[in-house]
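Visitor: I'd like a close look at one part of this chain. Could you pick a stretch of loop and walk me through what its residues sit against?

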Amino acid sequence: MSERVASREGRVGCGAPRARVSRSLLPTPYSLLAIAIMLLAAGAARADPRADFLAGLTRNCPHCDLSGASFKRHDLAGADLTGANLHQANFHDANLAGAHLAGADLTEANLNKADLRRADLSGAHLHEAMLYAANLDAARLVGADLTDALMGTARFTRSDLTKSILRNVDLRKARLDGAMLADARLIGAEGEEASLVGADLTDADASGANFRSANFARANLAGASFRKGDLFDAHLDDAMFGDTTMPDGSTRP
């Protein structure tokens with residue numbers, strides 16, 4: 001009996017003792033979740049919105065520097081480019097319907113034939129921008145600066161251009177039917193054959209502007225000034241006057 005016991009003890013004693021792992025050292029579901037969150041946060045911190053936007057991984061890049069970039073024929077509907085630097089960017093024939101471009105710098109940008117319907121361009125800088133045949137129907141351009149912009153045949157039907165700066169712009173054959181142009185600055189604008197049917201030009205300054213053969217039917221011209229401008233052959237049927245300054249300096253009640 002004693003030999004059997006000794007033999008058993010010998011077998012038990014051989015080999016390394018088995019290690020015991022404390023439960024407190026094992027990862028819990030909560031700690032694993034915390035680690036996952038930390039890793040995701042670190043990845044987000046390393047993310048480059050500009051690179052992702054250029055790669056087409058996102059349509060949101062507010063305040064990004066995208067100057068000179070080409071987005072020709074890209075689908076950027078609803079994109080958020082608020083306050084972005086888009087100087088000389090190419091958006092030729094691009095879809096920017098409903099895009100957020102408030103405060104963006106679009107100086108010398110190519111927006112020819114671009115779809116900008118319902119886009120928000122409030123306070124945007126569009127100096128010398130090209131908007132030939134662009135569609136800005138129902139777009140918001142309150143306080144936008146479009147000095148020297150080229151917008152021949154562009155559409156601004158029911159667009160809000162209140163207090164916008166349109167000095168020396170090319171609006172030949174453009175459609176601004178029902179557009180809001182109250183307090184707009186159209187000094188020296190070229191608007192020959194433009195259509196402004198039902199537009200609101202209350203207190204607009206169109207001094208020296210050329211609106212030969214333009215259509216102002218049912219437009220509100222109260223307080224507007226066309227001093228030294230050209231309204232030859234313009235259609236003024238049913239237009240509303242009220243202290244409107246005509247090209248010869250006379251006031252039409």
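Guide: Here is a walk through the loop between α3 and β1, with the rest of the chain as a frame.

Keep in mind that this is a predicted model. The chain averages a pLDDT of 89, and 81% of the residues score at least 70. There are three helices and two strands, and reading from the N terminus they run α-α-α-β-β. Confidence is not even along those elements: helix α1 (residues 2-13) has the lowest mean pLDDT, 46, while β1 has the highest, 98. Over residues 1-14 the pLDDT stays under 50, and the model shows zero contacts for them beyond four places in sequence. Where pLDDT is low, the predicted coordinates should not be read in detail. So let's leave that end alone and go to the loop, which lies between α3 (49-54) and β1 (244-245).

Start with S159, which sits in this loop. S159 has a relative accessible area of 0%, so it counts as buried. What does S159 touch, not counting residues up to four places away in sequence? On one side of it in the numbering there are L136, D137, A138, A139 and L141, and on the other A179 and M180.

Move one residue on and you reach D160, which forms a salt bridge with R140; the closest N and O atoms are 3.5 Å apart. The pair links distant parts of the chain, 20 residues apart, with D160 and R140 both placed in the loop between α3 and β1. The two partners differ in cover: D160 is at 13% relative accessibility and therefore counts as buried, whereas R140, with a relative accessible area of 41%, is partly exposed. Side chains of opposite charge can pair when their charged atoms come close.

That bridge is one of eight salt bridges in the structure. Another joins R117 and D115, with 2.7 Å between the closest N and O atoms. R117 is partly exposed, its relative accessible area being 33%, while D115 counts as buried because its relative accessibility is 16%, under the 20% cut-off. Then there is D177, whose side chain meets that of R175 in a salt bridge at 2.7 Å, N to O. D177 counts as buried at 14% relative accessibility, and R175 counts as partly exposed at 36%.

Further along the loop between α3 and β1 comes N220. N220 has a relative accessible area of 21%, so it is partly exposed. Its C-alpha atom is 6.1 Å from that of T202, although the two residues are 18 apart along the chain. T202 is also one of the contacts of N220, together with A199, D200, L201 and M240, once neighbours within four places in sequence are left aside.

L201 turns up again around F216, which touches L196, L201, F211, L221, F226, L231, A234, H235, L236, D237 and A239, again not counting residues up to four places away. F216 belongs to the largest nonpolar core, a set of 69 residues in which F216 and L146 touch the most other members. In soluble globular proteins, nonpolar side chains tend to be buried together.

Stepping back to the chain, 39% of its 253 residues count as buried. Its accessible surface comes to about 13700 Å², with 51% belonging to carbon and sulfur atoms. And among contacts between residues at least 6 apart in sequence, 0% join residues at least 24 apart.

Methods: Residues numbered from 1 in each chain as written. Predicted model: local features only at pLDDT ≥ 70, side-chain atom pairs only at ≥ 80, totals over all residues. Heavy atoms only, no water. Helix = DSSP H or I, 4+ residues; strand = E, 2+ residues; numbered from the N terminus. Buried < 20%, exposed > 50% of the residue type's maximum accessible area, 1.4 Å probe, protein only. Contact = heavy atoms within 4.5 Å. Areas by Shrake-Rupley, 256 points an atom, 1.4 Å probe, with all protein chains shown as cover. Core = buried A, V, L, I, M, F, W, Y, C linked by side-chain atoms within 4.5 Å. pLDDT = per-residue confidence, 0-100. Salt bridge = Lys/Arg side-chain N within 4 Å of Asp/Glu carboxyl O.
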